[in-house]
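Student: I should like to learn how to read the features of a protein model in an orderly way. Where should we begin?

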Amino acid sequence: MRLKNKVAIISGAASGMGEAMAYLFAAEGAKVTATDLQTEKLNSIIAKIKEQGGDAIAIAHNVADRKKWMDEVIPKTMEAFGKIDILVNNAGISVPTPFEEQTDELWSKTYSINLNSVMLGMQAVLPYMKKHGGSIVNISSIAALTGMSGAGSYTASKGGVSAITRAAAVDWGGFGIRVNAINPGYILTPMSEVFLNNEQYKQALMPAIPLKFFGTAEQIAKAALFLASDEAAYITGVNLPVDGGTTIV
Ligand SMILES: NC(=O)c1ccc[n+]([C@@H]2O[C@H](COP(=O)([O-])OP(=O)(O)OC[C@H]3O[C@@H](n4cnc5c(N)ncnc54)[C@H](O)[C@@H]3O)[C@@H](O)[C@H]2O)c1
């Protein structure tokens, strides 16, 4: 088991990539704190993990809520599992909007859920990881590495996630804390299915993907597992595209 005796907090764990990570990390021996706004889905995922012999707890949490990071996510994880080794900042939203239609509200909302949450999560686990090291995996996007049409606030927020990943990796390496990011390409999840399953959109995108298929949540979860695990012991500060080659063309 690749995460035996590790304790992992995963945000946005009720759907898509976060859900896939919760199952995979638990199957690999991690004790998992799964957080999300969708509590019913989260609870059924926790029940399934337990049925399969894993150990996990669910916490209803808006990732942009600093107080709840400090008062619930961290204390409840410590109470249940006694330490924190891994944090995956995965929760995010995408509201495609042309620049001309960008509002202050959308800009702030996207920033607070996609970027501020990453800073809050990293701040929250820092005192615990400082004691024995740890691994943080931030879910960015290929939007942080390329231009993406109709995605001004999303692109800017993910650019921030990629940048803060490098900054924290520099500052915290001395504590044995590794901080890495994954830049998923076009991945079939509830967030993206409505676009990616549209035949017109699919035909427009496919020529730009060297591997010629959309990725799966499980493929992102496998990359997160590698970066979270001790197999990546000498890797920090990277932005890893998991995108079928989309960013090389
Ligand atoms: N799907 C893609 O093609 C793609 C590509 C690049 C990056 N990403 C990123 O991957 C991450 C996971 O996305 P996904 O595709 O699995 O999407 P998803 O919509 O299936 O899952 C996102 C989860 O985050 C939760 N969430 C949203 N806002 C939240 C909040 N304020 N507090 C707590 N939880 C919240 C949702 O309830 C949902 O369960 C996101 O950060 C997204 O931006 C996705």
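Tutor: We begin with burial: a residue is buried if 20 or more other C-beta atoms lie within 10 Å of its own, exposed if 12 or fewer, and partly exposed in between, with the C-beta atoms placed from the backbone. Lys109 has 16 other C-beta atoms within 10 Å and is therefore partly exposed. The model is predicted, so local features need pLDDT of at least 70 and side-chain atom pairs count only at pLDDT 80 or more, whereas totals for chains, interfaces and linings use all residues. Residues are numbered from 1 along each chain as its sequence is written.

Student: Where is Lys109 found, and how far apart in space are Lys109 and Ala64?

Tutor: Helices (H or I, at least four residues) and strands (E, at least two) are DSSP runs, numbered from the N terminus. Lys109 belongs to helix 4, residues 104-132. From C-alpha to C-alpha, Lys109 and Ala64 are 9.2 Å apart, with their positions 45 residues apart in sequence. A second such pair is Glu218 and Met21, 197 residues apart along the chain, whose C-alpha atoms are separated by 7.3 Å. Glu218 lies in helix 8, residues 217-228, and is partly exposed because 14 other C-beta atoms are within 10 Å.

Student: How many helices and strands does the protein have, and why does its radius of gyration agree with a compact globule?

Tutor: The protein has 8 helices and 9 strands. The radius of gyration is taken over C-alpha atoms, and the globule rule is 2.2 Å times the number of residues to the power 0.38. For 249 residues, a compact globule would have a value near 18 Å; the protein has 17 Å, which agrees. Along the principal axes, the C-alpha atoms fill a box of roughly 50 × 35 × 35 Å. Of the 249 residues, 46% are buried.

Student: How should I read contacts and the nonpolar core?

Tutor: Two residues are in contact if their C-beta atoms, placed from the backbone, lie within 7 Å. Among contacts between residues at least 6 apart in sequence, 73% join residues at least 24 apart. A nonpolar core is a set of buried Ala, Val, Leu, Ile, Met, Phe, Trp, Tyr and Cys residues joined through C-beta atoms within 7 Å. The largest such core has 65 residues, and those with the most contacts inside it are Ala8, Met21, Ala22, Phe25 and Ala224. If residues up to four places away in sequence are not counted, the residues that Ala8 touches include Phe25, Val32, Ile86 and Ala228.

Student: Are the residues of strand 1 buried or exposed, and in which sense do strand 1 and strand 2 pair?

Tutor: Two strands pair if DSSP finds at least two bridges between them. Strand 1 and strand 2 pair in the parallel sense over 5 bridges. Ile9 has Thr33 as its bridge partner in strand 2, and Val7 stands opposite Lys31 of that strand. In strand 1, 5 of its 5 residues are buried: Val7, Ile9 and Ser11 point one way, and Ala8 and Ile10 the other way. Strand 2, residues 31-36, has 6 of its 6 residues buried, so it is largely enclosed by the rest of the structure.

Student: Which strand pairs with strand 5?

Tutor: Strand 5, residues 134-139, pairs with strand 6 in the parallel sense over 6 bridges. Ser135 stands opposite Arg178 in strand 6. Strand 6, residues 177-184, is mostly covered, with 8 of its 8 residues buried.

Student: How many residues surround the ligand?

Tutor: A residue is near a molecule or strand if its C-beta atom, placed from the backbone, lies within 6 Å of it. Here 30 residues surround the ligand, and the closest are Gly12, Ser15, Gly16, Gly92 and Met191. Helix 1, residues 16-27, gives the most to this shell, with 3 residues.

Student: What should I look for in backbone angles?

Tutor: Most residues other than glycine have a negative phi. Asn5 has a positive phi, near 65 degrees, and lies in the segment before strand 1. Asn5 counts as exposed because it has 11 C-beta neighbours inside 10 Å. Lys212 also has a positive phi, of about 65 degrees, and is found in the loop between helix 7 and strand 8.
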